[in-house]
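Welcome to this tour! Open your viewer, keep the selection tool at hand, and follow along one stop at a time.

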4 protein chains.
Amino acid sequence: MTVELRSDNAAAVSPAILEAMAAVNSGSALAYGGDEVTAALEARVREVFDHPSARVFPVLSGTAANALSLSAMTPPWGSVVCHETAHILASEGGATSFLSGGAVMTGVAGEGYKIAPEALQAQLDGVRWGDPHNSQPAVLALTSPSDYGTVYSVEEIAELTAIAKTRDLRVHLDGARFANAVVATGAAPADLTWRAGVDVLSLGATKNGALSAEAIVCFTDAPADELVYRTKRSGHVTSKMRYQSAQLLAYLTDDLWLHNARNANERMAELAGGLEKAGVRITNSVDANLAWVDMPEETADRLEAAGVLFYRLGGQVRFVTSWQTSAEDVSTVLAALGRA
Amino acid sequence: MTVELRSDNAAAVSPAILEAMAAVNSGSALAYGGDEVTAALEARVREVFDHPSARVFPVLSGTAANALSLSAMTPPWGSVVCHETAHILASEGGATSFLSGGAVMTGVAGEGYKIAPEALQAQLDGVRWGDPHNSQPAVLALTSPSDYGTVYSVEEIAELTAIAKTRDLRVHLDGARFANAVVATGAAPADLTWRAGVDVLSLGATKNGALSAEAIVCFTDAPADELVYRTKRSGHVTSKMRYQSAQLLAYLTDDLWLHNARNANERMAELAGGLEKAGVRITNSVDANLAWVDMPEETADRLEAAGVLFYRLGGQVRFVTSWQTSAEDVSTVLAALGRA
Amino acid sequence: MTVELRSDNAAAVSPAILEAMAAVNSGSALAYGGDEVTAALEARVREVFDHPSARVFPVLSGTAANALSLSAMTPPWGSVVCHETAHILASEGGATSFLSGGAVMTGVAGEGYKIAPEALQAQLDGVRWGDPHNSQPAVLALTSPSDYGTVYSVEEIAELTAIAKTRDLRVHLDGARFANAVVATGAAPADLTWRAGVDVLSLGATKNGALSAEAIVCFTDAPADELVYRTKRSGHVTSKMRYQSAQLLAYLTDDLWLHNARNANERMAELAGGLEKAGVRITNSVDANLAWVDMPEETADRLEAAGVLFYRLGGQVRFVTSWQTSAEDVSTVLAALGRA
Amino acid sequence: MTVELRSDNAAAVSPAILEAMAAVNSGSALAYGGDEVTAALEARVREVFDHPSARVFPVLSGTAANALSLSAMTPPWGSVVCHETAHILASEGGATSFLSGGAVMTGVAGEGYKIAPEALQAQLDGVRWGDPHNSQPAVLALTSPSDYGTVYSVEEIAELTAIAKTRDLRVHLDGARFANAVVATGAAPADLTWRAGVDVLSLGATKNGALSAEAIVCFTDAPADELVYRTKRSGHVTSKMRYQSAQLLAYLTDDLWLHNARNANERMAELAGGLEKAGVRITNSVDANLAWVDMPEETADRLEAAGVLFYRLGGQVRFVTSWQTSAEDVSTVLAALGRA
C-alpha cells in the first residue's frame, strides 16, 4: 500500500463535486457561461467573500488563473513584483510574460518565502517612474500559501498592499491553496483579500478536491472588463461552463472547501510533529499542508521503498498532504520513518 | 416542453463519459499528463487513426485546440489561409493572432463554405514569397464540418493540401465536429486526415457528448514538440489531466463518438427533409448536423412560442441537432412548423 | 540617363534637410528626445496643425509610425477596420497584429481604394458588440493618399469618422504621403485631420525629402501616453533623436514639405496627361503622385530599355514621381513612350 | 564652458560620417536595403570580422539591435541568461520579452558586472530541462563593455560560451560599445566574437560617432533568416537604408571606429588616474570609457556648478567620455575637482 504525499494535485475528486457535476447533466443549457449554475456560482462567491459585486471567471488551471489575472492588471510595459521564489515566476513557463504581451516579473526577497515590506519598498524606490527604459511596476503579486507552505497573515498582506498602493500598483493573490490559508489563519475570506487590499484572487479548487476548476475572483471592475475578452481569446472559455461552475459551487457549499483544507492542514501538522520528534529538520514554517525537509538520502530511499510517494527537489524532500490524506496515512509514514 | 436546437454545445454529457470520469476517481495519479489514462488515450488515438506515432494534447476548448495548433504551425510572421467564413477567422476573437505572436488570417472564397482550389491557388500565386512586407502563408486551415454544416470529401481535402504542399504550407483541420464529418463521409479517420495531407487535427468532443475535452492530434512531430511548451504557458495543461483523458478515451471507445454523431446527423436529415417538404428554404448543403434556413419572422416567432429553441443569426434561422436530439424532438418541431 | 519612377522612397534627401542635420551637429545634447530640437519640432507641429496640445513621436519608418500608433489605439482583442487594399493590411508584414499583441485587421470595400461609408456602416452593424467571440472594432484606419494615388476629401474623411464615432472607434490616418494629400486637396492640415475627427496621424516625411524620419502626431492624449512606453520597448526611441527631429523640423519649415509635394503632384499630373494623350489607360484617379497604368508588355519593355525605372506589379505598371522629378524627366518619359 | 560627461550618447556625429551620408545623397537607390551601399557594408563587416558569410542588419537603436537579435535566438518559451545588472534586463523596458513573444530574462551574479562561470553553471544545472513549467534557457547574453565600464577578455568570453554550448544555448554579445572593448582588449574583432563562440553581435556605432546606426551582425544563419521578417514587422527596415549603411561603412573605414574609441578610453584613463590621485574612490574597474564614483554630495554639487555635466545614479556619480572628449576637458574637470 502506498501513501501519496507527492502533491495535492495527485489526489482524486471529492465525491460531492462529482455528484454536483452529474446533477447538472440533464436538459440543455446556454453555452459559454450563460447558464444558471454559473450565475449561482457568482452569487455564492459574493456571499463567501462578503462583497456585493465581485465577478467570477471559472478557468481550468492555476496557470490560467494567475497569468490571465495578471495580464488584465498590468500594461504590457509593466512589471509584476513578486517574491523571488513565487510560483508565477519559477514554475509557469513564462505564462504571464506571454499572455500580457511582454510584461516582466521582478523577484524581491523576504524571509519565509514571503515578501519583506522593506524589500518591496526598496524595489519601488529604485524605479525610475515614468521612464520607459525602466519596466514600470504595475502589480504586487502575493502567493499564499507559498509553494513552501508558508502563509501570510491578514496584517502582513495589509502592510504590503499599503506600500503597493502608494505607487498605484494593483494587488493579486495567487490562492492556488487559498482554502488552506483561510484555515491556517482563521481569517474571513474577505479579510484575507479585498479588505486587505487585494484586487484579484486566483481561487484554487483543483488541489483541494475539484476536478479542473479554478476561479478568478475580481473585487475591482477594470480587470474583469478585460477578462471577458482575454479569457476567450486564450481559449479559456469552455462551452459547457456549467460543469466547471458546478464544481466550484459545490466546493463553496456547506464549507466543503474548508473541510477539505482543514483535513490537509491537520494531517500535515501531525506529520510535521512526528518528523520533528524523529529529529528530522523541516526548513519551512509549516503553516498549511506542505513540509520541506532535510533528509539523508538513505532515509529517503527507505521511505520510498516502504511505499511513501513524495518528491525530491533541489536537494530536499517535499511532503504535501491533501483532502484525502488520512490519519492512518500519517501513522504509516511515521512508522516507516522510525524503521528507516 | 422544449426542444433544444440552439447548439450541440448546449447538450449534456454522455453518461458513459461521466462514468469514465468517476471510474478514474480513486487513488492518486501523477499530475500534468503523466498518468496512465493519458497514455492509454494516446494509444487509442493511434489505433483510431491508424497512425504509429500520432501525439495527443488534451485541451479544454475548441478555441484552445485551434489557436494552439496554429501557433505551433506558423511563424509569427506567417499567415493562416482559411475560408473567409471559417470559425477561426470569424468567431475566436483573434485567438490565433494572439497566441501565435502576431500571425494573420487570410480568408479566401469558395462555394458551400469550402475553399475553392482555384481561390487557394490564386492566393498563393499572389504572394511575394520571401518579401517581408508580405505576410508569408504558412498554414492551410480547413474546417469540416464548417459552421454552415458542409463537409469536405476526402478528395476535396487532398486536392487542397496538394496545392498547399507545393508552397510548403502545413495543413490544419478544425474538426470541432470531426465525428460528424466521419459519419457524413463514411471515410476512415486516417483518410480524412493524415493520408489526405493533414498535419494537425483539432479533434472535438465537447459538442458531441464530452464535458470539456478536445484533443490536438499531431501527425507530424514539429508542432508537437512546440506544443509541449505552448500548452503549458497558455494555461492549458491541467494538473488532473486524467479526467480529461478519461473523457476522450471513453469517447473513442466502443464507437461512442460515431454513435453520437450518427444520431445528430440522422436527426438533422429528418428535420431537413421535413423542412423542405414544408417549403422552407435551406441555404446550406445539409451534410452533417446543422441547417441554415430562410424563415419568415412570424414563422420563427411561432416556432419559438411553441418551445423550440434555436438561434437567429444574420437574418437566418439556425438549427443544430446533437447526440441528444430524439426522433420525437424532430416530430415536435415539424408539427409546430405545420401549425405555424 | 535614367528617369526614376519606381518609388518616392528611391529619391535622395532634400539639401535643406541634410543641412539641418549638420547644423545640430555641434556641442552635446540630452539623449532620447530630451533635446531642444525635439521640443522645437513639437511646437512647430502644433503651429502647422493649429492644435494647442498635439504630441509628436519621431520614428524611423512608416511601418513603425502606423503599427505603433495602432497598437496604442486598440486593445489586443480589437480590430482595425481599413480598406481591403490598405498598406497596413497588405504591405507591412503583419506589423500591427504583432506590436498590438494580437489585434486583427478587417478590410472593407470601396471604390477608388477608399472606404465606402455604407461598407463601413455594414461592417459595424454586423459586429456582435461585447461578445468576445467577435473581434471588437476599435480603430478606423484611413490611408490618404492611398497606395493607388487616390486622396480623401475633407468631407469624405468627416463622413467616415462620424460613422466610426457612433461606435467609439478611434481614427488613424496613414499619411505616409500626407503632404501630397494637403497639396491635392488644398485643405488645411487641421481640416484634413483632427477637425475631421482624426485622432492620430502618421505624418510621413521620408518619401518626400527626409532621410529617415516620420512623425506620429497625436491629437488626443491617451495614445500618446502609451506611446511613451511603446516606442521605447519596440526599439524606436533613438538616443540621438535631435538628428531626426532636425529633419522633421526642416521639413515643416518654410513650407519645404508642401513645396516638395507640389513638385511631385504637378509632375505626375503632367505625366498622366501625357499618358492619356498617348492612349494609355490609367486605372486610378490621379489625385497625387502615383499612377497605375495598363500597358502592353512590349511597351513597358521598351520604356525600360530607354532607361525609365518603374515597377510592374500585379499585371500593371506603376509610376511614382517625387520631389526630385523634373519636368525634363517627364518629357523624357513621354518621348520614350512616343517611340515605344 | 561646459564639459560633457553625461553619456557618449550626448556627443555629436563624426564629420566623416556626416560626409559619407551626404556623399550617397545623389541619384536614386533601391529602397529597403537593396542598394549598393548596404552591400558594401556587408562586405566590409566580413573583412573586419574575418568571417566569410556574416550577415548584417542595420537598425536604429541599441534596444532594437539587442531585442531583435534575442527574439531571433530564443523561442517564446525560452529564457535569456544574462548578468543581473545587464542593460537588456535593467534598461530596455522589457523590449526582449515583448519582441520575442514572451521570453523571460534570468539574471545571474558575478563580480565586476560580468557573469561568473560558476554562477552560469549553477543556473543551468538548476533547470528542469524539457519541463514546460520551467522557462528553458536558450541564449547566453553578454554585455561588453558593461554599463559599468568593465570588459570581458577573450578567455572570459570563451569560458562562458563553452558552458553555454554544453546546453545548446546560443550566445549574444551586446556590443553597444564594442569598439571600446576592442581597444581595451587589443583583441581582433573575430577573437572577441565568433571565434570565442558568439553567434550574434549587436555592433553599436551611435555612442561612438554615428548618427543613428547600429548593426546586428549574425555569424550563424538561423537568426539571420528570421531577422529578414522580424526587422520588417517591428518597423526596423528603413526605406532609405543607404543612409544608415553609409554611416556604418564610414564607421568601419580607415579605423574610424577604433580611433574614436581609443580617444574615449584614453581620456577616461586620464580622468580615472586624476580622480584616484585626488582620493576619489572609483567603484568599477575602468576598462573602457565609463567610471562610477563615490563622491560626496557637496563635491558633486561644486563640480556641476563648475560646468561639468554628469549623472548621479543610485547614489553614485557616473562619468562617460566619448570620441569628442578632449585632453583639455579632462584637465578642466580635474582642476575643478581640485578646487572642490
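Before you click anything, note that this is a predicted model.

**Stop 1: a charged pair in chain A.** Select A:Asp8 and A:Arg177 and zoom in. These two residues form a salt bridge, and their closest N and O atoms are 2.7 Å apart. Across the interface of domain 1 and domain 2 of chain A, the rule finds 1 salt bridge. The elements that give two or more residues to domain 1's side of this interface are helix H12 (256-277) and strand E10 (290-294) of chain A, so colour them next. Helix H12 of chain A supplies the largest share of that side, 5 residues. Sorted by type, the residues on domain 1's side are 8 nonpolar, 6 polar and 3 charged.

**Stop 2: the two domains.** Now give each domain of chain A its own colour. Domain 1 takes in residues 3-10 + 260-339, and domain 2 covers 15-251. How far apart do the C-alpha centres of the two domains lie? The answer is 28 Å. Where the domains touch, 17 residues of domain 1 are in contact with 17 residues of domain 2. The area buried between them is about 1400 Å², with carbon and sulfur atoms giving 51% of it. There are also 9 residue pairs in polar contact across this interface.

**Stop 3: chain A as a whole.** Switch to a cartoon view and select chain A. You can look for 14 helices and 13 strands. The radius of gyration of chain A is 20 Å, close to the 20 Å that the globule rule gives for 340 residues, so chain A is as compact as a globular protein of that length. Turn the chain around and you will find that its C-alpha trace spans about 60 × 60 × 30 Å along the principal axes.

**Stop 4: where chain A meets chain B.** Show both chains. The contact takes 48 residues from chain A and 48 residues from chain B. Together the two chains bury about 3800 Å², 53% of it on carbon and sulfur atoms. Pick out A:Phe98, A:Arg233 and A:Lys240: these residues lose the most area to chain B, together 20% of what chain A's side buries. How many salt bridges are counted between chain A and chain B? The count is 0, whereas 27 residue pairs are in polar contact. To see chain A's side, highlight the elements that give two or more residues to it, among them helix H1 (15-23), helix H5 (95-99) and helix H10 (221-233) of chain A. The residues on this side divide into 21 nonpolar, 19 polar and 8 charged.

**Stop 5: a link inside chain B.** Select B:Arg55 and B:Asp225. They form a salt bridge, with the closest N and O atoms 2.9 Å apart. This pair links distant parts of the chain: B:Arg55 is in strand E2 of chain B, B:Asp225 is in helix H10 of chain B, and they are 170 residues apart. Over all chains, the count comes to 70 salt bridges.

**Stop 6: chains C and D.** Finish by showing this pair. Here, 48 residues of chain C are in contact with 48 residues of chain D. The area buried between these chains is about 3800 Å², and carbon and sulfur atoms give 52% of it. In chain C, the residues to select are C:Phe98, C:Arg233 and C:Lys240, which lose the most area to chain D. Between chain C and chain D, 0 salt bridges are counted, and 27 residue pairs are in polar contact.

Definitions and conventions
Residues numbered from 1 in each chain as written. Chains lettered and ligands numbered in written order. Predicted model: local features only at pLDDT ≥ 70, side-chain atom pairs only at ≥ 80, totals over all residues. Heavy atoms only, no water. Domains from an automatic or database assignment. Contact = heavy atoms within 4.5 Å. Buried area = accessible area lost by both parts, 1.4 Å probe. Salt bridge = Lys/Arg side-chain N within 4 Å of Asp/Glu carboxyl O. Polar contact = N/O pair within 3.5 Å; in protein donor to acceptor, adjacent residues only side chain to side chain. Helix = DSSP H or I, 4+ residues; strand = E, 2+ residues; numbered from the N terminus. Nonpolar A, V, L, I, M, F, W, Y, C, P; charged D, E, K, R; others polar. Rg over C-alpha atoms; globule rule 2.2 N^0.38 Å.
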